[in-house]
Amino acid sequence: MEEPLGYRNPRRQKRPPGCRLGCLGCQIYKKTAAAVHPEESASPSCSYSDDDEKHPSKKERSLADIYTNGSLLISRFISVDSLVKCEAEYEPDGVEKTPYDDMVCKVCKTGDNDAEMLLCDACDEGFHMYCLCPILIKVPKGKWFCPFCTKKEEIEEFPLVQTKIVDFFHITKPLSNDQESFSLRMDIRRKKRHSLCLYKKKRRLLPHVPSKDPARRLLQMASLATALSSTKVEFSDELTYPRGLAPESANKAANERGGMQVIGKEDLATLNLCKQMCARGEWPPLMVTYDPKEGFVVEADGHIKDMTLIAEYTGDVDYMRNRLNDDSDNLMVLLFPHDASKELVICPDKRGNIARFISGINNHTLEGRKKQNLRCVRYNINGQSRVLLVAIRDIAKGERLYYDYNAYHKEYPTQHFV
Ligand SMILES: C[S@@+](CC[C@H](N)C(=O)[O-])C[C@H]1O[C@@H](n2cnc3c(N)ncnc32)[C@H](O)[C@@H]1O
């Protein structure tokens, strides 16, 4: 398997953290600036709106800013000549005092990490992004309301009616115990058993084994339908190329920096088999549930063997350059060519499948890393790049699925992940 890739989080630190809120980020920026250049101090109240292109956080913005962590971003700003002029009140040590200095998070009651503190646009209370449930990994675009001011929408369960589920997922055959397809799959598995040693050595992909009970499969599908409809995402088990985004011709695996592994014949047959099974409603045994800390999560609803193909990561394909201001936390790198303007990402915000709900590990802790049971791998499939999620060990029924969002690009902030 090639080096796995991770999520790309283009909006991370697009502006100084928290600057949306009475411009707390601006305060941080200005406070830091004032400490270094007290003569060029910052105004206590920012005159720019959040989305104003003239906002200091937007000026001088480059890819380097976007992919930089908060502290580096601030230090980069203070080295910029054109600091914003302003009047400020100084403490004796020359550091400007702001109305937000005493702000504490309403959840943990501390004022630590003010760079990660959001202010509610209604009640003006502070909340650490990582104290929210589920946690927020970046400053939201536009207005933000805290859980106390937002009337939380109840997750509405998708109706457990076979016809509705068949329609929702465009299933081509009713969800019955389809003997023919099961025997086809068993045939492949029997063949594999004969050459077990060989396949173990080569680490071939394995097709998933759906739950035998059609009623259970219906429940699994209803759980995904609930998650997709709650997030207003239409089901799509393939990459999509809507007009106005990147054309399909832009997805050329040959352009990948350093090359991309070509999928083998047997693995391709397995992928095709899995796709056919899914189209018939014979899905991997997975259940989507809701966790107060992680949001929607995916759990194994049956034993899953090492090397089982879990899902393809699907969604609309777009150029990364079009997504720099994207609020989404689930963009996936699809193609990483030498020419950065041609970098492609998968955006499952409008269309997608179960892959977009799978959790990420906290790769700052050993505990977090131990949870990893999947890996995402890119393959050159018929000349195009595709991203597959594959089990990297046996997964027991009830275990939650996790992979490393940061295995390739190290930009996804997972330090507060559970
Ligand atoms: C790709 S989405 C995963 C699906 C998401 N849970 C949902 O409800 O749509 C990534 C987001 O899920 C949450 N998440 C994923 N893994 C997590 C973890 N290990 N701990 C806490 N939150 C996690 C974070 O809010 C993150 O921004």
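1. A residue counts as exposed if 12 or fewer other C-beta atoms lie within 10 Å of its own, and as buried if 20 or more do. By that criterion, the face of α8 turned away from its buried side carries two exposed residues, Lys 265 and Asn 272. The remarks below concern a predicted model, and this cut-off serves for the other statements on burial as well.

2. The buried residues of α8 (265-279) are Asp 267, Thr 270, Cys 274, Met 277 and Cys 278. Viewed down the helix axis, the buried residues of α8 fall within an arc of 100 degrees, so they line one face of the helix. An α-helix has 3.6 residues a turn, so residues three or four places apart point the same way. The length of α8 agrees with expectation, because its 15 residues should span 21 Å at 1.5 Å a residue and the end C-alpha atoms are 21 Å apart. After α8 comes Gly 281, which has a positive phi, near 90 degrees.

3. Ahead of α8, Gly 259 is placed in the loop between β3 (234-235) and α8. Gly 259 is exposed, because 11 other C-beta atoms lie within 10 Å, and the limit for that class is 12. In sequence, Gly 259 and Asn 380 are separated by 121 residues, but their C-alpha atoms are 9.1 Å apart in space. Asn 380 falls within β12 (374-381).

4. The ligand is surrounded by 17 residues, and the closest are Gly 295, Phe 296, Asn 330, Ser 359 and Phe 417. Both β5 (295-300) and β11 (359-360) supply at least two residues each to this shell. Which kinds of residue make up the shell around the ligand? Seven are nonpolar, six are polar and four are charged.

5. Phe 296, among the residues closest to the ligand, also takes part in strand pairing: in β5, Phe 296 is the bridge partner of Tyr 290. The strands concerned are β4 (residues 286-291) and β5, which pair in the antiparallel sense over six bridges. The connection from β4 to β5 is a hairpin through three residues.

6. One open sheet consists of three strands in the order β6-β13-β12, with antiparallel pairing. Here β6 (309-312) and β12 stand at the edges; each has a single partner strand, so one side of each lacks a neighbour in the sheet. On average, neighbouring strands of this sheet are turned by 30 degrees against each other, direction ignored. Between β12 and β13 (residues 384-391) the antiparallel pairing runs over eight bridges, and Leu 374 stands opposite Ala 391 in β13. In a regular strand the side chains alternate between the two faces of the sheet.

7. A further open sheet has three strands in the order β7-β9-β8, again with antiparallel pairing. Its edges are β7 (316-319) and β8 (332-335); each of them has a single partner strand, so one side of each is left without a neighbour in the sheet. The twist from one strand to the next averages 40 degrees. The pairing of β8 with β9 (residues 344-347) is antiparallel and comprises three bridges. Within this pair, Leu 335 has Leu 344 of β9 as its bridge partner.

8. Several backbone features merit inspection. Most residues other than glycine have a negative phi, and most peptide bonds are trans. Against that background, Cys 133 and Pro 134 are joined by a cis peptide bond, with omega about -10 degrees. Pro 134 belongs to the loop between β2 (126-128) and α4 (162-168).

9. Two residues that are not glycines are listed here for their phi values. Lys 109 has a positive phi of about 65 degrees and is found in the loop between α3 (70-78) and β1 (117-119). The phi of Asp 124 is also positive, at about 70 degrees, and Asp 124 is placed in the loop between β1 and β2. Are Lys 109 and Asp 124 exposed or partly exposed? Lys 109 is exposed, because 8 other C-beta atoms lie within 10 Å. Asp 124 is partly exposed, because its count within 10 Å is 14 other C-beta atoms, a value between the two cut-offs.

Technical notes:
Residues numbered from 1 in each chain as written. Predicted model: local features only at pLDDT ≥ 70, side-chain atom pairs only at ≥ 80, totals over all residues. Helix = DSSP H or I, 4+ residues; strand = E, 2+ residues; numbered from the N terminus. Near = placed C-beta within 6 Å. Nonpolar A, V, L, I, M, F, W, Y, C, P; charged D, E, K, R; others polar. Pairing = 2+ DSSP bridges. Axes fitted to C-alpha atoms, helices over the stretch in contact; angles between N-to-C directions. Expected span 1.5 Å × (residues − 1). Arc of directions from axis to C-beta.
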